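The exercises below concern the chain copies, their helices and a few single residues. Work through each task before reading the solution.

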4 protein chains.
Amino acid sequence: MHATPATPPADTAGLYTLPVEFGDCDPAGIVYFPNFYRWMDAASRHWFVLRGVPSWREAEARWGVIGTPIVDVQTKFMKPAMYGDRLGIETVVVEWRNKSFVQRHRIWRGSDLLVEGTEVRVFAARGPGGVGVRGVVVPDEIRALG
Amino acid sequence: MHATPATPPADTAGLYTLPVEFGDCDPAGIVYFPNFYRWMDAASRHWFVLRGVPSWREAEARWGVIGTPIVDVQTKFMKPAMYGDRLGIETVVVEWRNKSFVQRHRIWRGSDLLVEGTEVRVFAARGPGGVGVRGVVVPDEIRALG
Amino acid sequence: MHATPATPPADTAGLYTLPVEFGDCDPAGIVYFPNFYRWMDAASRHWFVLRGVPSWREAEARWGVIGTPIVDVQTKFMKPAMYGDRLGIETVVVEWRNKSFVQRHRIWRGSDLLVEGTEVRVFAARGPGGVGVRGVVVPDEIRALG
Amino acid sequence: MHATPATPPADTAGLYTLPVEFGDCDPAGIVYFPNFYRWMDAASRHWFVLRGVPSWREAEARWGVIGTPIVDVQTKFMKPAMYGDRLGIETVVVEWRNKSFVQRHRIWRGSDLLVEGTEVRVFAARGPGGVGVRGVVVPDEIRALG
């Protein structure tokens, strides 16, 4: 599936880590896959928090940004995870675009790559009258993060 | 995004339908996107149930199949959904492979296409000793469904 | 557990109904219990919607009410539910108080009572500066509903 | 609500800790309450794991026990939690009964008590034919844990 096999991150300090709980698993005994999206979403925000981006509540006051909703995702599920596993998510920004960015998440169990997800997310402000959302240009301060 | 725009299904009888609840939405007031995967997963099973495939418990007794875990998904999120919306999911099998199949889900709110997900799923049996899962050849009776 | 056994509702028109999906179940093959709270929450809101209460967005504009967060719940889990079950939730308001109300939910599978939850909920407005929530007096129009 | 106010645990080493994520919150901006049950369930298992109880898969092989489903819960929600909060859950076994036990969870944000849940759980084995669950006597080795 991969021309060059992915290698586990040497530096694990920046990983978003989590325990797999019993309730994250389905009757087949493996993680119910929508939970991986919940965790990649947390890892996406964690990437910004680690780099000092203020909470979204402050970000709304400062830039009008209320979040980074997803517009496109490609995900490969290579191996299942089970209750008792400890997972680490390695997140990188692959590309900054005008109103969006591409983030890639690799979910590791030790040196086993379980899931890889590549997301396109937009910077979103509240829509007209506070209803719904609309895309805004990525603030320069954020674009400079990495 | 689409060379040919998708058109809403003329026949809505086969749709998997659901109400969007308050608790499905996030602080931005829109559906938290992992929930769309939960719903596409339900629609995936619903496709089989509608065509007379027995429950997975019976399917395990008959074919050893315990489920159809996902190995690859591509998803486009075109418009958000909100509390109070009623959604319909249109599911088709695009391709049958040896141990897997490709299913496409379109999530509609009336004639608005909100989400499109294309999944590759495998037919899975319990792994050695009942732990984990392994892929098995798609049973002919199932391959004949549509 | 019950001095008088609960009897299934004669009128099923007002029930909040839902299918139990594979993904709602845990490795023991039964509904993972936090999902019952998700469904009782939906049934709580459904009770108001059925009686013509406007959406919470309109309710905020009209009464400042943004929701009815829970402050106290007692729940009895009598029988498990499984994938493929169809459930119906019977909801009644047992008592109106000044800023709160007591709602009782019974979750039925046909004539089997699976879960009974009794909730105290408050009427909540946004807190000072739009952060957090605070309780408000139940609007008279709502108190009159039943 | 409490005759004697609860005091934060002096020893925080045994707490089950977790970050509140954006996706755990609802349109009111506070944790969607069913998530607290997910976390108390994880804390319930964590209590056993910390005391050396083998994973449920081994526990099934050894005692036939597949889990500890809930039969009764009383929960008080005192203060809301929000995205960015770090929570710690303090779990104690209040009482051992024949086939069940009472566990109390207190969810803290620093010295703020947010939620208190008191659960009755049974020790469960698979039901006849592997379908559903049935209660079994609490194994002595487990009863001796604390």
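**Exercise 1.** At what angle do helix α1 of chain A and helix α1 of chain B pack, and how far apart are their axes?

Solution. Some conventions come before the steps. The model is predicted, so local features need pLDDT of at least 70 and side-chain atom pairs count only at pLDDT 80 or more, whereas totals for chains, interfaces and linings use all residues. Residues are numbered from 1 along each chain as its sequence is written, chains are lettered from A and ligands numbered from 1 in the order in which they are written, and side-chain values use heavy atoms, with hydrogens and water left out.

Step 1. Locate the elements: α1 covers residues 34–50 in chain A and residues 34–50 in chain B. Helices (H or I, at least four residues) and strands (E, at least two) are DSSP runs, numbered from the N terminus.

Step 2. Take the geometry: the angle is about 170° and the axes are 8 Å apart. Axes are lines fitted to C-alpha atoms, for helices over the stretch in contact, and angles run from 0 to 180 degrees between N-to-C directions.

Step 3. Classify the angle: α1(A) and α1(B) are therefore roughly antiparallel to each other. The classes are roughly parallel under 35 degrees, roughly antiparallel over 145, roughly perpendicular from 65 to 115, and oblique for the rest.

Step 4. List the contact residues: Pro34(A), Tyr37(A) and Arg38(A) on one side, Pro34(B), Tyr37(B) and Arg38(B) on the other. Contact means heavy atoms within 4.5 Å.

Step 5. Sort them by class: four are nonpolar, none polar and two charged. Here Ala, Val, Leu, Ile, Met, Phe, Trp, Tyr, Cys and Pro count as nonpolar, Asp, Glu, Lys and Arg as charged, and the others, Gly among them, as polar.

**Exercise 2.** Describe the packing of α1(C) with α1(D).

Solution. Step 1. The axes of these helices are 8 Å apart and the angle is about 170°, so α1(C) and α1(D) are roughly antiparallel to each other.

Step 2. Pro34(C), Tyr37(C) and Arg38(C) meet Pro34(D), Tyr37(D) and Arg38(D). Four nonpolar, no polar and two charged residues make up this contact.

**Exercise 3.** What turn and what shift lay chain A on chain B?

Solution. Step 1. Two copies of a chain are related by a rotation about an axis and a shift along it.

Step 2. A turn of 180° with a shift of 0.0 Å along the axis lays chain A on chain B, with an RMSD of 0.0 Å. That is the relation of a two-fold axis. Copies are superposed by least squares on the C-alpha atoms of residues with pLDDT of at least 70 in both.

Step 3. Within chain A, Gln74(A) has the C-alpha nearest the axis, 2.2 Å from it. Of the contact residues of chain A, 100% recur in chain B, so the same surface serves both copies.

Step 4. Chain B can be laid on chain D by a turn of 180° and a shift of 0.0 Å along the axis, with an RMSD of 0.0 Å. Here too 100% of the contact residues of chain B recur in chain D.

**Exercise 4.** Compare the span of α1(D) with its expected value.

Solution. Step 1. The expected span is 1.5 Å times one less than the number of residues. For the 17 residues of α1(D) this gives 24 Å, and the end C-alpha atoms are 25 Å apart, which agrees.

Step 2. Of these 17 residues, 14 are buried, where buried means under 20% relative accessible area, exposed over 50% and partly exposed in between (1.4 Å probe, protein chains only).

Step 3. After α1(D) comes Gly52(D), with a positive phi near 85°.

**Exercise 5.** Is Glu90(A) buried or exposed?

Solution. Step 1. Glu90(A) belongs to strand β3 (residues 86–96) of chain A. Its relative accessibility is 15%, so Glu90(A) counts as buried.

Step 2. Beyond its neighbours within four places in sequence, Glu90(A) contacts residues including Pro9(A), Leu15(A) and Trp108(A). Trp47(A) is 43 residues away along the chain, with a C-alpha separation of 9.2 Å from Glu90(A).
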